[in-house]
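Dear colleague,

Please find below the structure that I am handing over to you. I would be grateful if you read the notes after it with the model open.

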Amino acid sequence: MSSQLLMFPKGFLWGAATSSYQVEGAVADDGRGPSIWDTFDHQPGKVLNGDTGEVACDHYHRWEGDLDLLNDLGLRSYRFSVSWPRVQPDGAGKVNQKGLDFYRRLVEGLRHRGIEPLLTLYHWDLPEALQQKGGWTSRETTDRFEEFAGIMGSAFHDGVTLWVTLNEPFFAAFEGYELGGLAPGLTDTGAAVEAAHNMLLAHGKAVRTLRACLPESAEIGIALNLDVVRPATSSPEDVAAAGRVNDYLNRWFLDAVLKGSYPRWLHDRYVQVTGREFVRAGDLGVIGAGIDFLGVNYYTPVYVESEASRDRMAPGSRSTATDTVLRRPYPDYLAAAAARRPAGNYTAKGWDVDPGGLREMLLWLRHNYNGVPVYITENGASYPDAVGADGEVHDPRRIEYLRTHLVAANEAIVEGVDLRGYFVWSLLDNFEWGDGYAQRFGIIHVDFATQRRTPKSSAKFLSEVARRNAVSRAAASLPADT
Ligand code: FCB
């Protein structure tokens, strides 16, 4: 049996992740200003069931209990994000001391429990005041972000070693400004391109400022959503389409941050589509100045077919469920469409469970990006969990999801990937953006009516993995779902 146990390197960091808007609630407490998510989720039809983040997991008031739960599980790291409008209600200038104090209590609470904080500066909750001035389409926002990074860097230079600038700029820019599914909900490719570029520029400026405030031992990175892109068939058209989508989703961000360049053809296409050159001299030098680690958020692969092969299909033969796998079809300029794997094993969110994709992604990164050190900053699955008659939440499918992805991560380490830690998404069931409270990703169940927390079986599973610093290659036999 012991040969079935796959060991992780000594010092491997085991943790759980959340983000401010998804868990904190308390949107009007202690001087917090409104964020673009407060605005967005109050607009009819934007979030399922009209849910909002007003209360969420009430983590702003319950953080101590939540840290105790994390501690009880023996997870030695916690990835959280800072609500920018809590610290700077207008996104500029004066600091709201009470907002900053919340994060000081949180960081001290973590340190006190021996838990390593990983602080994300931006996980999508831009101050609404900055949106009024163009949000991420305005270069001014990159200076405001640099100022915010400086405030946080000076406040936490001795308490936080691991820093992430931005979470998933692809989603924030393209879902937020081109596809409209995330705040601020625009549908304008030009705006999305400007937003993506400005987010990357803001990342570069924040790294520059953090380096000036933080000790040498600090590690700074960015968290990208990275999806393995697979052609639906081996036809040259589909393979080419998958390449284009890979550039759109992955290489646009990776090349910029790790190589200081953009994929040429896509840059030229964006200039054509938007009718303007959005890159200024010096920008890519700032963006690509260097990071200490890459944060990888991995959930599911994507399957892509060329527009030509899609059009050749007989009407009706095309799956109508495509949108549940990928949130939307691709924009016209990619001449590609999302395909669905017919016999996939899907989570409640409709994402295909494919741990091999994680190993593939990690190896591809090692090969193409010079062995960059990696933390998996998000990985997890949503299932419709409920507390059973025995008072427990049995979630064997999530356990199996986590176990198989950890086996894949371990294989990648054995094959030479410099993987340093793993953060499950998420510590708690929470406000899952446009899905409101309908998708449960937590390893701890939250009853949103009572705010009662119940660790799921998967929490116990991960706790055991962290304790042993090892994962079993063999599936455990477990009771059925509650
Ligand atoms: C990622 C987000 C995170 C959460 C998970 C399910 O794209 O970074 O906030 O919504 O998906």
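The notes below cover the source of the model, the ligand site, the nonpolar core and one helix.

This is a predicted model, in which local features need pLDDT of at least 70 and side-chain atom pairs count only at pLDDT 80 or more, while totals for chains, interfaces and linings use all residues. Residues are numbered from 1 along each chain as its sequence is written, and side-chain values use heavy atoms, without hydrogens and water.

The ligand is surrounded by residues with a heavy atom within 4 Å of it; among them are H123, W124, N167, Y299 and E378. An oxygen atom of the ligand lies 2.7 Å from a polar side-chain atom of Q22. For E168, the corresponding distance to a ligand oxygen atom is 2.6 Å, and for E432 it is 2.8 Å. The protein buries 99% of the 290 Å² that the ligand exposes when taken alone (Shrake-Rupley method, 1.4 Å probe).

The largest nonpolar core (buried Ala, Val, Leu, Ile, Met, Phe, Trp, Tyr and Cys residues joined through side-chain atoms within 4.5 Å) has 156 residues, of which W37 and L294 touch the most other members. Helix α9 (residues 189-213) supplies the largest share of this core, 12 residues. Helices here are DSSP runs of H or I with at least four residues, numbered from the N terminus.

Helix α7 (residues 140-156) has 17 residues. Of these, 13 are buried, that is, under 20% relative accessible area with a 1.4 Å probe, protein chains only.

Yours sincerely

Key. Buried means under 20% relative accessible area, exposed over 50%, partly exposed in between (1.4 Å probe, protein chains only). Helices (H or I, at least four residues) and strands (E, at least two) are DSSP runs, numbered from the N terminus. The expected span of a helix is 1.5 Å times one less than its number of residues. A polar contact is a pair of N or O atoms within 3.5 Å; within protein, one must be able to donate a hydrogen and the other to accept it, and residues adjacent in sequence count only if both atoms are side-chain atoms.
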